[in-house]
Amino acid sequence: MPIQHFAPPPNVKSPPLSFATRVGDLVFVSGIPGFDANGALPDGFDAQFGNVVVNIKRILDQAGATFRNLVKVNVLLTRASDVPAMNAMYAGVFGPPPYPARTTCVVQALPDPKMLIEIEAVASLAK
């Protein structure tokens with residue numbers, strides 16, 4: 001079964017990875033930080049979360065999926081104080097229930113010290 005690779009947006013400087021891969025009915029979305037379309041990382045958590053959502057939606061659209069196809073989501077935060085805001089915004093984007101399975105971790109750091117959030121996900125296109 002061939003593997004389909006999804007490249008980062010043109011203006012985002014990315015490490016050596018695919019933003020997502022699809023094999024069969026599964027789409028694996030790499031950890032997506034809050035960079036905007038110009039490759040800039042805004043200072044605020046809300047803006048970074050919004051950029052993560054835009055980038056994940058772009059990948060899901062390219063793969064023929066939606067947020068409703070997500071089966072597992074991993075959220076990495078660098079500040080525990082952002083958990084309530086993340087939960088509120090997450091419910092608005094990934095809802096209504098039932099939500100995908102999810103793990104949320106507060107980590108010491110992400111690759112760029114300004115990164116406040118990163119989300120990775122798995123979607124199923126099975127019918």
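A residue counts as buried here when its relative accessible area is under 20%, and by that cut-off buried residues make up 38% of the 127 residues in this protein, which is a predicted model.

Begin with the whole chain in cartoon view and follow the elements from the N terminus, where the order reads β-β-β-α-β-α-β-β, giving two helices and six strands in total. With the C-alpha trace displayed and turned along its principal axes, the protein spans about 40 × 35 × 20 Å; its radius of gyration is 14 Å, which agrees with the value near 14 Å that a compact globule of 127 residues would have.

Next, switch on the surface, whose accessible area comes to about 6700 Å², with 60% of it belonging to carbon and sulfur atoms. Then select the charged side chains, of which 10 are positive and 9 are negative, and note that the centres of the two sets lie 6 Å apart. If you draw the contacts between residues at least 6 apart in sequence, 66% of them join residues at least 24 apart.

Now select Ala65, in the loop that runs between helix H1 (45–63) and strand S4 (70–77). Is this residue, Ala65, buried or exposed? Ala65 has a relative accessible area of 4%, and because the cut-off for buried is under 20%, Ala65 is buried. Keeping Ala65 selected and setting aside its neighbours within four places in sequence, show Leu60 and Leu125, with which Ala65 is in contact. Finally, add Pro97 and draw a C-alpha to C-alpha distance from Ala65: the two residues are 32 apart in sequence and 17 Å apart in space.

Methods: Residues numbered from 1 in each chain as written. Predicted model: local features only at pLDDT ≥ 70, side-chain atom pairs only at ≥ 80, totals over all residues. Heavy atoms only, no water. Helix = DSSP H or I, 4+ residues; strand = E, 2+ residues; numbered from the N terminus. Rg over C-alpha atoms; globule rule 2.2 N^0.38 Å. Buried < 20%, exposed > 50% of the residue type's maximum accessible area, 1.4 Å probe, protein only. Contact = heavy atoms within 4.5 Å. Areas by Shrake-Rupley, 256 points an atom, 1.4 Å probe, with all protein chains shown as cover. Lys, Arg positive; Asp, Glu negative; His and termini not counted. Charge placed at Lys NZ, Arg CZ, Asp CG, Glu CD.
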